[in-house]
Amino acid sequence: WPVRGAIFFFFEFTRRSPHRARMSVLIESVDLEALTKIDGKQLKKCCELCIHNFKATSTDKKLFSRTAKELGMSTAEVGAVVEGLSGFFLACCKKQLSQSNFNVVAQTLKLPDGYPAILYKFYVANVETIREMLSKNSKRLPHYKSLNWRLELEMSSRSLHHEIRPSFLLELETDDGVKEKSELMQCDFAVLKQFGNQLETALKDLNSSHCRRMSTYIN
């Protein structure tokens, strides 16, 4: 396969029974063409720069310029290599690749001899740093914590006599990992029943093949 626009296929086997296994294909698209145009020394230096970016969470343009001058490369060339390396390391960390799986991926990409060993050395030494960066910068969506409810009955009013009007007061608590949030809602039984039906439909959709596939791509 050509390196440009490389597609990573990560094969995961999940044992369901003694005789059956499920294989899911996890895909990441990373452009590593720039790596084929540099030597081992340049690759190591670019790996160091890539890891520095992860730790600093920003690009140091002056450091890029100094590195490019030291390696006899243009700033754009160094940037292309570091961008490819960043995508590669991020993909590997997301899938938590073991050494054997890492080697399979590296062989599939047909990188020059010695390059997979260099990449794996930097990957293993900095995998926790990259995962920590992913955790801090990933979008945190609020998740359910608790739901409190109260049934209220309006027995009568000036305009309506001898007519009971039931309603529900709901307090929904969510947590986004940073702070908790509470929302108050009021609805009648018909709306609450419709809300419950929608939740049941959503739970069923979670088990669909399409939803599992999209979850794999996002995560």
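**Helix α1, the core and the sheet**

In helix α1, the buried residues (under 20% relative accessible area, with exposed meaning over 50% and partly exposed in between, for a 1.4 Å probe and protein chains only) are Q42, L43, C46, C47, L49, C50, I51, N53 and F54. The model is predicted, so local features need pLDDT of at least 70 and side-chain atom pairs count only at pLDDT 80 or more, while totals for chains, interfaces and linings use all residues. Residues are numbered from 1 along each chain as its sequence is written, and side-chain values use heavy atoms, with hydrogens and water left out.

Helices (H or I, at least four residues) and strands (E, at least two) are DSSP runs numbered from the N terminus. The expected span of a helix is 1.5 Å times one less than its number of residues; for the 17 residues of α1 this gives 24 Å, which agrees with the 24 Å between its end C-alpha atoms. Where α1 starts, the backbone nitrogen of K41 lies within 3.2 Å of a side-chain oxygen of D39.

The largest nonpolar core, a set of buried Ala, Val, Leu, Ile, Met, Phe, Trp, Tyr and Cys residues joined through side-chain atoms within 4.5 Å, has 38 residues, and those with the most contacts inside it are L43, L85, F88, F89, L119 and Y123. At least two residues of this core come from each of α1 (40–56), α2 (61–71), α3 (75–94), α4 (99–109) and α5 (115–137), with α5 supplying the largest share, nine residues.

Six salt bridges (a side-chain nitrogen of Lys or Arg within 4 Å of a carboxyl oxygen of Asp or Glu) are found in the whole structure. One of them joins E48 and K45 at 3.7 Å, N to O; because these two residues are three apart in helix α1, about one helical turn separates them. K45, E48 and E70 are linked in a network of salt bridges. In α5, E128 and R131 also meet in a salt bridge, at 3.5 Å from N to O, where E128 is exposed at 53% relative accessible area and R131 is partly exposed at 28%.

Beyond the helices, three strands form an open antiparallel sheet in the order β3-β4-β5, where two strands pair if DSSP finds at least two bridges between them. Because β3 (143–154) and β5 (180–187) stand at the edges with a single partner strand each, one side of each is left without a neighbour in the sheet. Strand β4 (residues 165–175) is joined to β5 by eight bridges, and L170 has M185 of β5 as its bridge partner.

Terms used: A polar contact is a pair of N or O atoms within 3.5 Å; within protein, one must be able to donate a hydrogen and the other to accept it, and residues adjacent in sequence count only if both atoms are side-chain atoms.
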